[in-house]
Amino acid sequence: MTRVLSPVAGRVVGLAGVPDPVFAQAMVGPGTAVDPQRGPGHALAPVTGKIVKLHPHAYVVVDAEGHGVLVHLGIDTVKLKGQGFELLAAEGDEVAAGQPLVGWDPAVIEAGGRSPICAVVALDAGADALSDVRESGEVEKGTELFTWS
């Protein structure tokens, strides 16, 4: 069983709270989302594993069981072409859950007219594969968001 941790501190809003239909309708996969605290900080690895994709605005970490977890920092942030993000790791790196992977400032994303909400998605998972999915409440970085079996 994989414990998926929150990459950021903030308020859990669930996927339905993401202002993007692809995430809100779980087209990418099931999971949840966090409206991050405003101010500079780091987005963390949600699981221990290997970074298989790393963009400034999004990354995927695959654990030893083959579970790929996508963290997407904000909505439409791909259009920023990396501006406002700092990579702290590299694609192919082995990382520990809770390790900082990307530096960013959600307040800057919001000031630019974009939502800073972070989707945390279980790729290639059925909705029944997740349990204890948080849909609300405050979380700290590293707080468990859901388990994946």
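This passage describes the overall form of a predicted model and three of its loop residues.

The protein chain comprises two helices and 14 strands. Its C-alpha atoms occupy a box of roughly 40 × 30 × 25 Å along the principal axes. The radius of gyration is 14 Å, which agrees with the value near 15 Å that a compact globule of 149 residues would have. Of these 149 residues, 51% are classed as buried. Among contacts in the protein chain with a separation of 6 or more, 70% are made by residues 24 or more positions apart.

The accessible surface of the protein chain amounts to about 6600 Å², and carbon and sulfur atoms contribute 52% of that area. The charged side chains number 10 positive and 18 negative, with the centres of the two sets 6 Å apart.

According to an unreviewed UniProt entry, residues 20–124 carry the annotation "domain: PTS EIIA type-1". In the model, this span is 10% helix and 41% strand, and the C-alpha atoms at its two ends are separated by 19 Å.

Backbone geometry draws attention to two positions. Most residues other than glycine have a negative phi. Ala26, which is not a glycine, nevertheless has a positive phi of about 55°. This residue belongs to the loop that joins α1 (21–24) to β3 (31–36). With a relative accessible area of 35%, Ala26 is partly exposed, because that value falls between the 20% and 50% limits. Asp76, likewise not a glycine, has a positive phi of about 60°. Asp76 is located in the loop between β7 (68–73) and β8 (85–87), and its relative accessible area of 38% makes Asp76 partly exposed.

Leu15 lies in the loop between β2 (10–12) and α1. The relative accessible area of Leu15 is 7%, and the residue is therefore buried, the cut-off being under 20%. Leaving aside residues up to four places away in sequence, Leu15 touches Phe23, Ala24, Ala26, Gly29, Pro30, Gly31, Thr32, Ala33, Ala119, Val121 and Glu135. One of these partners is Ala26, the residue noted above for its positive phi of about 55°. The buried Leu15 is thus in contact with the partly exposed Ala26. Between Leu15 and Ala58, the C-alpha to C-alpha distance is 16 Å, and the two residues are 43 residues apart in sequence.

Definitions and conventions: Residues numbered from 1 in each chain as written. Predicted model: local features only at pLDDT ≥ 70, side-chain atom pairs only at ≥ 80, totals over all residues. Heavy atoms only, no water. UniProt positions renumbered as here; feature names shortened; annotations may be inferred. Helix = DSSP H or I, 4+ residues; strand = E, 2+ residues; numbered from the N terminus. Buried < 20%, exposed > 50% of the residue type's maximum accessible area, 1.4 Å probe, protein only. Rg over C-alpha atoms; globule rule 2.2 N^0.38 Å. Contact = heavy atoms within 4.5 Å. Areas by Shrake-Rupley, 256 points an atom, 1.4 Å probe, with all protein chains shown as cover. Lys, Arg positive; Asp, Glu negative; His and termini not counted. Charge placed at Lys NZ, Arg CZ, Asp CG, Glu CD.
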